[in-house]
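Here are my notes on the fold, jotted down while going through the model. Have a look at the structure and see whether you read it the same way.

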Amino acid sequence: MIKKRRAVPGIHSYNAPAGGWGALKATAIAVRTQMDTVEAPITLLRTNQPDGFDCPGCAWPDKEHHSTFQFCENGAKAVTWEATSKRVTPEFLAQNTVTSLLQKTDYELEGYGRLTHPLAYDRDSDTLRPVEWDEAFERIGEILRGMQSPDQVEFYTSGRASNEAAYLFQLFAREYGTNNFPDCSNMCHEPTSVGLPQSIGIGKGTVSLEDFDHAELIISIGHNPGTNHPRMMGTLHELARRKVPIIVLNPLRERALERFTDPQNVIEMATYSATHIASSYFQVKSGGDAAALKGIMKTLLVMDAEQGNVVDHDFIAAHTQGFERLAADLAAIPWEVIEKECGLTQAEIEQVAIAYAKSKATIITYGMGITQHNKGTANVRLIADLLLMCGNIGKPGAGICPLRGHSNVQGNRTVGITEKPSENFLKKLEVVFGFTAPNKHGHDAVNAMRSMVQGTSKALICLGGNFAVALPDPEQCFPAMQKLALSVHLGTKLNRTHLLVAEETFILPCLGRTELDIQASGRQSITVEDSMSMVHASSGKLKPASEFLRSEPAIVAGMAQAVMPDSKVPWLELIADYSIIRDLIEKTIPGFDNYNARIAVPGGFRMPLPPTKRQWPTPTGKAMFSVFSGVHEDTQAQEDDILRLMTLRSHDQYNTTIYALDDRYRGVFGRRDILFMSDTDLDARGLEHGDQVDIETVVAGSTLRLQNITVIAYNIAPGSVGAYYPEANVLVPLDYIDVESGTPSYKSVPVRVTLSAGS
C-alpha cells in the first residue's frame with residue numbers, strides 16, 4: 001500500500017530520466033537569463049575544442065580531440081554563468097553596503113554578475129569602492145612585508161586556477177617564505193592524495209578513457225555523475241548500451257545512475273526513451289562503505305578457498321606486500337558487524353563479489369561519498385586493496401578512478417600547490433630561481449582556518465574560490481575572516497567570503513576561462529590537467545567582461561612584484577609570454593618534458609603514471625595492502641536514534657556556486673531548506689513527510705544546530721539523511737575530520753532529528 005503524503009510546497013515527483021529534453025530546457029533557460037542569445041551558441045560550441053577553452057566545470061576528460069560538440073547541461077551552465085552579460089558595477093556597489101549584501105543568499109550574490117573593477121573595502125561607508133591596480137598591489141605589498149612572519153599568511157587555491165596561475169602562486173608564496181597552501185582539494189579528494197601514494201605510490205587515478213572501452217565491469221561508489229561530473233554520463237551511457245555491468249553503491253537513488261537520455265542520441269531524444277545505467281544498485285548507509293568493501297573482499301577470499309582462481313595470487317606475490325595481514329583482518333570480522341555498519345545484507349554483498357570475480361577487467365570509480373568521512377583515507381585504500389586482490393591495476397580496462405570536481409584541481413597539486421612539498425621539488429626551485437624555499441610543512445584548509453580562529457594567521461590571499469563558505473562550521477569561520485588584517489580575493493563574481501571583510505579587503509577581478517587573454521607577446525593559452533592526468537591547452541575568445549580585468553597569472557605576478565621588489569623571479573617577463581612559465585614548470589617538475597610542444601597537439605599529453613606499467617613508487621617498490629583500523633567511523637554517537645548526515649549538491653549547483661534553486665531529479669523546486677529522510681527513519685521518530693524539524697550534531701563538545709528544516713520522505717538508505725551544502729555546513733564541526741588527510745567529514749556527521757517546537 002502506497003502511503004498518502006501531505007502536499008509540500010516545492011516538492012513534487014520528477015519522473016523523467018536524467019539528461020534528455022529536461023537538460024535542453026534547463027540549458028535554454030540558463031542561456032536566456034545570462035547571455036546574449038546570438039553569442040551564446042557560438043561560445044558553447046567552443047567548449048572543449050582544440051582552439052577553444054576547457055569547460056570551467058568538471059574534470060572529466062574528452063574522448064574526442066577534434067571539432068565535435070558533446071552536450072553537457074551543467075557544463076553549459078558553468079559557461080553561461082561565467083559569460084553572463086550581467087555586471088556588478090561601481091554604481092551598484094555604491095548603493096549597496098557590504099552589510100546589506102551579506103543578507104542576500106549565495107544564489108543572489110553570484111546572480112548579480114561579473115565584477116568589473118578592482119575593489120577595496122571602505123569601512124567608513126561600508127561599501128566596496130574601485131581602486132587602481134597599482135594602488136591595490138602597493139598596499140597589499142606594504143601589509144605583507146609588515147607581517148612578523150610569512151607563516152601568518154595563508155595562500156588559498158581554487159581548482160579552477162590554471163597550471164600557469166597555480167605555479168606562479170606557489171612560487172610567490174615560497175619566495176615570500178611559507179608553505180601555507182590551503183586548497184580546495186583539502187576539502188574533497190585529499191584522502192586520495194594521501195591514501196593512494198601509500199597503496200600504489202601516486203595520488204592519482206590509473207585509468208584512461210580508453211580503459212572504459214575495455215572494461216568488463218564498473219563499480220561506482222559514492223558519487224552522483226549526473227550533477228557533479230556530468231560529462232561522465234556519456235561514457236556510462238556507452239557502457240550500459242554495450243551491456244557492461246555497472247554496479248552502484250550509494251545511499252541515495254540518484255536519477256542519472258538509474259535512467260539517462262543522451263541529448264546527442266537522436267533516437268532516444270525523438271522517442272523519449274532512456275538507457276538504464278546501473279545494472280545493480282545497492283543503497284549502502286552513509287559511512288558504511290568500509291564495511292561493504294571488507295564484506296566484498298571477505299567473500300572473495302571464501303570463493304577463492306572453495307573454487308580457486310578468484311584472487312590473483314601471482315600478481316600479489318610479484319607486485320604487493322601486506323596481503324596476509326589484510327586476509328587475517330577480513331577473516332576476523334563477523335558478518336553481523338558488516339551488515340549492521342553498511343546496511344546491506346550478506347547476500348547483497350555476495351552479489352557484488354560474484355560479479356567482480358567474474359570480471360577480468362574492473363574499474364572502480366568513486367567520489368566524495370568515499371573521501372569526506374573521518375576514515376576517508378582508509379576508505380580509499382580499501383578500494384585499492386579490492387582492485388589489487390584480483391590484479392585490477394596496470395592492465396587494460398582496469399584500475400582506480402577518483403572523480404575530481406573542479407576542472408584543474410588535480411593540475412594545481414601537480415604544479416606545486418601543496419602544504420607538504422617534497423625535498424626534491426624545493427631543491428629544484430632553488431637551482432632554477434636562486435632562493436631557498438621553506439621546508440617546514442604549512443597549513444591545509446582546516447589548519448589555516450584554525451589558525452585564523454586563534455588569531456595567529458593575519459592574512460588570506462585567495463586565488464579564486466569561496467573559502468569560508470566551503471569550509472565547515474561558519475559560526476567559527478565567518479567571524480575569523482572578519483578578524484584578519486588583510487584579505488585578498490581573485491574572482492569573477494561576488495561571493496559571501498568576499499563580503500566577510502577584514503581590516504583591509506581587496507577584490508581583484510580576473511578573466512574567466514572563456515575570455516580572450518592578450519599579453520605583450522599576443523594571445524595566451526593556459527593549461528589544465530583532467531581527472532585522468534591528461535594535460536591540454538585552453539584559450540578563450542570572448543571579449544573580456546570589462547577593460548579593467550586582468551588574468552590570474554598577471555594578478556599573481558603583480559602582487560608578488562609589489563610584495564618582493566627585489567624578487568629573484570622575473571615576474572613581468574613571465575606574464576608577457578605564458579610559454580616561459582611552462583618552460584619553468586618543465587625545469588622544476590617531472591613529467592612536463594617538451595611541455596609547450598606537446599600541448600600544441602590536440603588532446604595534449606598524459607602525465608607519467610607508473611602504476612599503469614605495474615611500477616610502484618612506494619618506499620618498498622611494491623603496491624601495499626592496508627588493514628582498516630576499525631569499521632566504525634568513530635566511537636561516539638552510537639545510540640539508536642542517531643543518524644548520519646550527508647551534505648549534498650543540488651542539480652542546479654556546482655560546489656558553492658548555485659545556478660538556480662531547483663533540484664529537479666530529486667523533485668525539489670524553488671527551495672533548499674530540505675532534509676531527505678527514509679520512510680523507515682520518519683516512522684521511527686513519529687515524523688511525517690513535510691514536518692518542520694530541528695537537526696542537532698551529536699559530537700562531543702559540539703552545540704551545532706539547524707532549525708526549522710522541512711523533512712521529506714526520500715529513497716535514501718535508512719540511518720542516513722541528506723541536506724544541502726553549504727547550508728548544512730552549520731552542522732559540520734571544523735575539527736570533525738579524517739586525521740590522516742585533514743578532510744572534513746561532510747558525508748557522515750552524527751545527528752539527532754526532532755520535531756521543531758510549535759510544529
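**Notes on the sheet and the cores**

1. Six strands make an open sheet, ordered 5-4-17-16-15-6, with mixed pairing. Strands here are DSSP E runs of at least two residues and helices are H or I runs of at least four, numbered from the N terminus; two strands pair if DSSP finds at least two bridges between them. At the edges sit strand 5 (127–130) and strand 6 (153–157), each pairing on one side only.

2. Before going on: this is a predicted model, with local features needing pLDDT of at least 70 and side-chain atom pairs counting only at pLDDT 80 or more, while totals for chains, interfaces and linings use all residues. Numbering starts from 1 along each chain as its sequence is written, and side-chain values use heavy atoms, leaving out hydrogens and water.

3. Strand 4 (residues 119–122) and strand 17 (residues 504–509) run antiparallel and pair over two bridges. Leu119 faces Ile507 of strand 17 there.

4. Now the big nonpolar cluster (buried Ala, Val, Leu, Ile, Met, Phe, Trp, Tyr and Cys residues joined through side-chain atoms within 4.5 Å; buried is under 20% relative accessible area, with a 1.4 Å probe and protein chains only). The largest such core has 65 residues, and Leu144, Tyr167, Phe172, Leu508 and Met559 touch the most other members. Helix 8 (residues 163–176) gives the most to this core, nine residues.

5. Leu144, leaving aside neighbours within four places in sequence, contacts (heavy atoms within 4.5 Å) Val153, Phe172, Tyr176, Ala459, Ile461, Leu486 and Val563. Another core, of 57 residues, lies apart from the largest one and includes Leu196, Ala290, Leu293 and Ala384.

Terms used: Buried means under 20% relative accessible area, exposed over 50%, partly exposed in between (1.4 Å probe, protein chains only).
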